[in-house]
Amino acid sequence: MSHSRALTAHELFDEVRARLELSWLAAHEGGDRKIELTETRRLRASAVGYLNLIHPNKIQILGGEEMTYLDGLPAATRRATLTRMLKLQPAAILITRSREAPEDLLAAATKARIPVWRSAKRGHELLTYLQYHLARALAPKTTLHGVFLEVYSIGVLITGEAGAGKSELALELITRGHRLIADDAPEFTLVAPDVLDGTCPDMLQDCLEVRGLGVLNVREMFGDTAVKRNKYLRLIIHLGPPRSDGDHDPLKRLYGDINTRKILDVDVPQLTIPVAPGRNLAVLCEAAVRNHALKSKGIDAAQVFVDRQAHQLRKQKHWTGP
């Protein structure tokens, strides 16, 4: 399940009000205006920026220079400029550094139902924070089924059918010093073209459900170091059924059962580990993560072994004997 989120002006105001010291000056009825990440905006314009009448932003910031510019306009030109700015239908107008809002701007914005906010912060601080906040809030998101952990500083999603042992494996890894991010329904956000950031829904924070034990609070049981707020997804470990005796793929025996899974158009490496009685899945998972880290550094044990074999065969082919 994936979606791109849309925020209303009211939702954005509530989310950043305390951090940016915002006050709502006019047009509360315009709080339902939407801020969306359209394809055009994704390729070109920011959702927030200083006053721009050519490429308008959804949040128009009025700082010192913008206010000076408006104050320096003749009355007729000023009215026309304000009318043009409001016709662009921004989601909100944001005035910086607790400056007084011009009465004509407040009146025109109220008539057009466009919220006017004021912040005690400086313009560049508002711009930087809102760009970051909106980029994450409006980025494509998806929810996957599995347990998301940090293993050896790498974000690992453990997947598998119901009853495959995902939560038991996660519990074993936590007892071995690794950290839980989210159980059952981790959320992944596309924060860059090839980066997926995984987080936990508020309802499931710190919780791990284990069959027979019920819901466990990992933070309370193992301490604050046993949980982590977020991590980039780098590897998927899928717990699969045991293979039949006749299923022997020489390449899989050499390289492992590795393929990729596409999540929000990002190819994520996926390793399948067969589940069978007597297998120590925690050790196998740790080994898989260590091996993945080595591969990311260009060290591939399987390929080294294949190269050694090829070298030995070449030597034998050219050896003529005594």
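Colleague: Is Lys 141 buried or exposed, judged by its relative accessibility?
Modeller: Happy to help! This is a predicted model, where local features need pLDDT of at least 70, side-chain atom pairs count only at pLDDT 80 or more, and totals for chains, interfaces and linings use all residues. Residues are numbered from 1 along each chain as its sequence is written, and side-chain values use heavy atoms, leaving out hydrogens and water. Because its relative accessibility is 16% and the cut-off is under 20% (exposed is over 50%, partly exposed in between, 1.4 Å probe, protein chains only), Lys 141 counts as buried.

Colleague: Which backbone oxygen lies 2.9 Å from a polar atom of the Lys 141 side chain?
Modeller: The side chain of Lys 141 reaches the backbone oxygen of Ala 137 at 3.2 Å. At 2.9 Å from a polar atom of that side chain, the backbone oxygen belongs to Arg 136.

Colleague: What separates the C-alpha atoms of Lys 141 and Phe 188?
Modeller: Along the chain, Lys 141 and Phe 188 are 47 residues apart. Their C-alpha atoms are separated by 5.5 Å.

Colleague: How many aromatic pairs does the structure hold?
Modeller: Rings of Phe, Tyr and Trp (its six-membered ring) pair if their centres lie within 6.5 Å. By that rule, the structure's count of aromatic pairs is 4.

Colleague: What is the angle between the planes of Phe 148 and Phe 188?
Modeller: Phe 148 is buried at 0% relative accessibility, and Phe 188 is buried with a relative accessible area of 0%. Their rings form an aromatic pair, 5.0 Å centre to centre. The pair is edge-to-face (planes over 60 degrees apart; under 30 is stacked, the rest tilted), with an angle of 70 degrees.

How values were computed. A polar contact is a pair of N or O atoms within 3.5 Å; within protein, one must be able to donate a hydrogen and the other to accept it, and residues adjacent in sequence count only if both atoms are side-chain atoms.
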